[in-house]
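Subject: Handover of a structure

Hello,

I am handing this structure over to you. Please open it first, then read the notes below.

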Amino acid sequence: MTGRNPRSSRAVVVGGGLAGVTSALRLADAGLDVTLLEGRPRLGGLAFSFRRGDLSVDNGQHVYLRCCTGYRWFLDRIEGAHLAPLQDRLDVPVLDVGRPAGPRLGRLRRTGLPVPLHLAGGLAAYPHLSLAEKAGVARAALALGRLDPADPALDGVDFATWLRRQGQSDRTIEALWDLVGVATLNATAPHASMGLAAKVFKTGLLSEPGAADIGWAAVPLGDLHDTLARKALESAGVEIHVRTRAAFLTRAEDGRWTVGTDGEGFEADTVVLAVPQGETHRLLPDGALDDPGRLLELTDSPILNVHVVYDRKVLRRPFFAAIGSPVQWVFDRTESSGLQGAGQYVAVSQSAAQDEIDLPVAELRKRYLPELERLLPAARGAGIRDFFVTRERTATFAPAPGVGRLRPGARTRAPGLLLAGAWTATGWPATMEGAVRSGFSAADAALQALGRPHEHPLQEAA
């Protein structure tokens, strides 16, 4: 701590997930002396990798969309965009195994036509809905386009109620709205805020033709969110302390902050708390928020991932979604995991997994291996080289109706103290995009308070 210019603006960012890394990069790029503290031995927050034998395993399947301009900025900033490519055009294989006549494969696709015509051809060819249901989807999409996701009235309505008002059938909700909504909101339609659902669907499907094109990491997430992020931070002059957990936060009479850890105290003019809402509540000084108890009302929603390594190739496409099955999305993780020799590694991503998150591995094995054989005929008779489960019990905040009133903004009532995290009031659900945008908001608020405004990288988010 000694030997530094006490007159220079100093910032401490608590938390090394995407929100914290983004805040630290933005503050350092603006010329601040930045220290980042992370309790874990790595950066990346809840989007990370770990080793399992010779495999590099992502804790869960994370994807982003072309409309996720904040996360795309992040990838560019850490020089990792080429490692997480986007589809040229939206193309989602959807396998229906619930039909009495047998499984049927359909696709959700777009064309290069202007919005909303870019989806018309794909909807017309989508085999999992009737003609009447497709017409109903088109009417609902037009109604959705007229909504303002920031309207507080929408936050108090659940997505299912709104869909029913638009004449959407159970089948339409299963085969289209929840197919997308569960993966992006981490909640089924009855448990999702209409405001957040409107944000997802209006931005992803109705903002521009390519908005919903899907991207995902072709390398382990740790290569991006830890290795490359750390390199970018160090190049920007950020001092990184991992395995360093903030224990307390105090503010002196001169307005400077001290972030205390088990080992030392870090002084700063600006502090960004980029940690989960419960930890934020623990660290907040009295009076920083009008109603800090609201943070504890932000409940969590889990995500379960089932990982299977087969002794042969069973899946011939990068990913697919399923309906008529407990399986939601299946991804080929063979190349990115570094799997050697014959075989294939597939990951099943199960959002809104409240009913399964605590089930024993043996029970999940009995449930999912036969289901994968039903979805993937090539898996029948294939040998299982490995089967394991990753569980994120606090993967996201629950996007329930009314959640908007619980999410605080970046600024607090304590000068120099900012909040970041996907759970803050970004307007987005708990996604990598929301995390990055929260980092922008916290850094921008801090720089404005210091009289050092910095050009925002996303004009529309300024």
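Let me start with the charged pairs. A search of the whole structure, which is a predicted model, finds 26 salt bridges. Side chains of opposite charge can pair when their charged atoms come close. Here are some of the pairs.

Look at R171 and E174. Their side chains meet in a salt bridge, at 3.5 Å from N to O. Both sit in helix α7, residues 170-185. They are 3 residues apart there, so about one helical turn separates them. R171 has 25% relative accessibility and therefore counts as partly exposed. E174 is also partly exposed, at 34%.

E363 and R367 are another pair, with 3.8 Å from N to O. This one lies in helix α13, residues 361-375. The two residues are 4 apart in that helix, which means about one helical turn lies between them. E363 is partly exposed at 35% relative accessibility. R367 is partly exposed at 35% as well.

R312 and D311 also form a salt bridge, at 3.2 Å from N to O. R312 is partly exposed, with a relative accessible area of 36%. D311 is partly exposed too, at 31% relative accessibility.

Not every salt bridge is a simple pair: R66, R110 and D213 are linked in a network.

Next, the nonpolar cores. How many residues are in the largest nonpolar core? It holds 119. Within this core, L27, Y71, F159 and W177 touch the most other members. Helix α14, residues 432-449, supplies the largest share of the core, with 9 residues.

W177 deserves a closer look. Which residues is W177 in contact with, leaving aside its neighbours within four places in sequence? The list is V137, A140, L144, F159, L163, Q168, T172 and F201. Note F159 there: F159 is also among the four core residues that touch the most other members.

There is a second, separate core of 27 residues. Its members include V306, V308, A353 and L376.

Now a hairpin. Strand β3 (residues 49-52) and strand β4 run antiparallel, joined by 4 bridges. R51 stands opposite S56 in β4. The hairpin has 2 residues between its strands. G53 lies in the turn and has a positive phi of about 65 degrees.

Is strand β4 buried or exposed on its two faces? Both faces are covered. In a regular strand the side chains alternate between the two faces of the sheet. In β4, residues 55-58, L55 and V57 lie on one side. S56 and D58 lie on the other. These four residues are all buried. Buried here means under 20% relative accessible area. S56, then, is a buried residue that faces R51 across the strand pair.

On annotation, an unreviewed UniProt entry lists residues 18-446 as "domain: Amine oxidase". Over that range the chain is 33% helix and 22% strand. The C-alpha atoms at its two ends are 18 Å apart.

Last, confidence. The protein averages a pLDDT of 95. Of the residues, 97% score at least 70. Residues 1-7 are the stretch to treat separately: their pLDDT is below 50. Beyond near neighbours in sequence, that stretch has 9 contacts in the model.

Over to you.

Best wishes

Methods: Residues are numbered from 1 along each chain as its sequence is written. This is a predicted model: local features need pLDDT of at least 70, side-chain atom pairs count only at pLDDT 80 or more; totals for chains, interfaces and linings use all residues. Side-chain values use heavy atoms; hydrogens and water are left out. pLDDT is the predictor's confidence in each residue, from 0 to 100. Contact means heavy atoms within 4.5 Å. A nonpolar core is a set of buried Ala, Val, Leu, Ile, Met, Phe, Trp, Tyr and Cys residues joined through side-chain atoms within 4.5 Å. Buried means under 20% relative accessible area, exposed over 50%, partly exposed in between (1.4 Å probe, protein chains only). Two strands pair if DSSP finds at least two bridges between them. UniProt positions are given in the numbering used here, feature names are shortened, and annotations may be inferred rather than shown by experiment. A salt bridge is a side-chain nitrogen of Lys or Arg within 4 Å of a carboxyl oxygen of Asp or Glu.
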